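Here are a few short exercises to work through with the model open on your screen. Try each task before you read its solution.

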Amino acid sequence: MNNNLDLQSALAALDEYGYDKKQSSDLTQARNKQQMGKYIESLDYNLRRLLILQETVNELVANKKRLIVQQENIQTYKTKVINLSRQFNISYDDVLQIMKDQVN
């Protein structure tokens with residue numbers, strides 16, 4: 001019986017912890033604009049600091065977008081090389097070697 005009560009207490013504590021995490025105003029828990037806005041307002045930044053934050057976020061977003069485009073371009077290039085290897089019935093590495101030889 002004692003083990004059952006301990007288990008129930010542990011489960012209740014975990015449930016409460018999960019509820020608290022969902023209700024917190026922590027930025028890591030924010031999933032939408034309203035939650036993020038509430039967290040940023042809680043920082044009580046002045047205009048200068050908000051502008052710095054905005055500039056930093058804009059730079060991070062631009063960098064992420066650039067990385068995504070770069071990954072898409074790499075994947076497109078790999079797909080084209082794979083298609084060439086199939087078309088000419090040679091290995092992927094052989095296609096790359098031929099391309100390298102053409103540059104030199």
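**Exercise 1: a serine in a helix**

Ser85 has 9% relative accessibility, so Ser85 counts as buried (buried means under 20% relative accessible area, exposed over 50%, partly exposed in between, with a 1.4 Å probe and protein chains only). A word on the source: this is a predicted model, where local features need pLDDT of at least 70, side-chain atom pairs count only at pLDDT 80 or more, and totals for chains, interfaces and linings use all residues. Residues are numbered from 1 along each chain as its sequence is written, and side-chain values use heavy atoms, with hydrogens and water left out.

Task: find which residues Ser85 touches, not counting residues up to four places away in sequence.

Solution. Start with the location: Ser85 lies in helix α3 (helices are DSSP runs of H or I with at least four residues, strands runs of E with at least two, numbered from the N terminus). Next, look for contacts, meaning heavy atoms within 4.5 Å. You should land on Ile90, Ser91, Tyr92 and Val95.

**Exercise 2: the span of α3**

Task: check the end-to-end distance of α3 against its expected span.

Solution. Helix α3 covers residues 47-87, which is 41 residues. The expected span is 1.5 Å times one less than the number of residues, so α3 should span 60 Å. Its end C-alpha atoms are 59 Å apart, which agrees.

**Exercise 3: α3 against α4**

Task: describe how α3 and α4 pack.

Solution. Two packed helices are described by the angle between their axes and the distance between the axes. For α3 and α4 (residues 92-103), the angle is about 105° and the axes are 8 Å apart. That makes α3 roughly perpendicular to α4 (under 35 degrees counts as roughly parallel, over 145 as roughly antiparallel, 65 to 115 as roughly perpendicular, the rest as oblique). Now the residues: Tyr77, Lys78, Val81, Ile82, Leu84 and Ser85 in α3 meet Tyr92, Val95, Leu96 and Met99 in α4.

**Exercise 4: two loop residues with positive phi**

Task: say where Asp44 sits and where Asn89 sits, then decide whether each is buried or exposed.

Solution. Most residues other than glycine have a negative phi. Asp44, though, has a positive phi near 55°, and so does Asn89, also near 55°. Asp44 is in the loop between α2 (33-43) and α3; Asn89 is in the loop between α3 and α4. At 68% relative accessibility, Asp44 counts as exposed. Asn89 comes in at 71%, so Asn89 counts as exposed too.

Note on methods:
Axes are lines fitted to C-alpha atoms, for helices over the stretch in contact, and angles run from 0 to 180 degrees between N-to-C directions.
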